[in-house]
Structure formats: structure tokens, C-alpha cells
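Work through the following exercises with the sequence and the coordinates side by side, and try each task before reading its solution.

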Amino acid sequence: MQEQRHPSGVLIFRPEGPALDAGHAEALKHAFDTRIGEGKHEFCVDFHAIETMDSTGLAVLIAALRQLDGRGKIRLCSVQPAVRTLLEMTHMTRMFPVLDSLDSLDS
């Protein structure tokens, strides 16, 4: 898991691919738990390396959003087609804004 602060102040998480599943979601969960515990509230998850995601990956995103309790936002960017389809089918695009790229954080 890589972390970076965007010039806008948003904290960017880059999970390692190719899947965000039961075997790989723990690092993202830990990153959210740690940073939210430190008082951070604005996040973007960069999915450029993630080709697939299962219910464990979805559960990590939903748990983090619940931890924020309306005090922040989690955006998703560079979402690959299979993951985008899953997000749309589960209506998660209503909860998580999906951006084309990190450049969209500036607008």
C-alpha cells in the first residue's frame, strides 16, 4: 500500500494489485483505520493497479465511510472496467464519487 498527499490535501491510497480481495484488502483497511484515527477525513483510493475487487474490498470501503460518519469523503479514481461494473451494479457509485484520474481532484 502506498500513500501520498495530493496538493489539495486529499490523502491518496494506492493498493497493490491486481485484486482488492480477502487476501489483499487488509492493508487498505489498516490505512483507513490509522488515518481516520489521526483525524484525516478526505481520501482518494487510486485503483489504477486493481483489476478486480470482491465483497471484502467493498466492505473495507463501506466500513471506512461509516467511520467518517459524514465528516469526510472517499473518492475512487482510475477505476478499471470490471471494478467499475461491480461498483455500478451494487450502487456504490452513489456513495463513492468515481473520478477518471487523480487530476480530477483539482477540479
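**Exercise 1.** Establish the strand order of the sheet and find its edges.

Solution. The five strands (DSSP E runs of at least two residues, numbered from the N terminus) form an open sheet with mixed pairing, in the order β1-β2-β4-β6-β7. Because β1 (2-5) and β7 (98-99) stand at the edges with a single partner strand each, one side of each is left without a neighbour in the sheet. The model is predicted, so local features need pLDDT of at least 70 and side-chain atom pairs count only at pLDDT 80 or more, whereas totals for chains, interfaces and linings use all residues. Residues are numbered from 1 along each chain as its sequence is written, and side-chain values use heavy atoms, with hydrogens and water left out.

**Exercise 2.** Describe how β4 and β6 pair, and what packs on them.

Solution. β4 and β6 pair (at least two DSSP bridges) in the parallel sense over five bridges, and C44 stands opposite R75 in β6. The helix α2 (a DSSP H or I run of at least four residues) packs on the sheet and touches β4 and β6, its direction making about 150° with that of β6 (axes fitted to C-alpha atoms, for helices over the stretch in contact, with angles from 0 to 180 degrees between N-to-C directions).

**Exercise 3.** Trace the surroundings of I74.

Solution. Leaving aside neighbours within four places in sequence, I74 is in contact (heavy atoms within 4.5 Å) with F32, F43, V45, L61, A64, L65, L68, F96 and P97.
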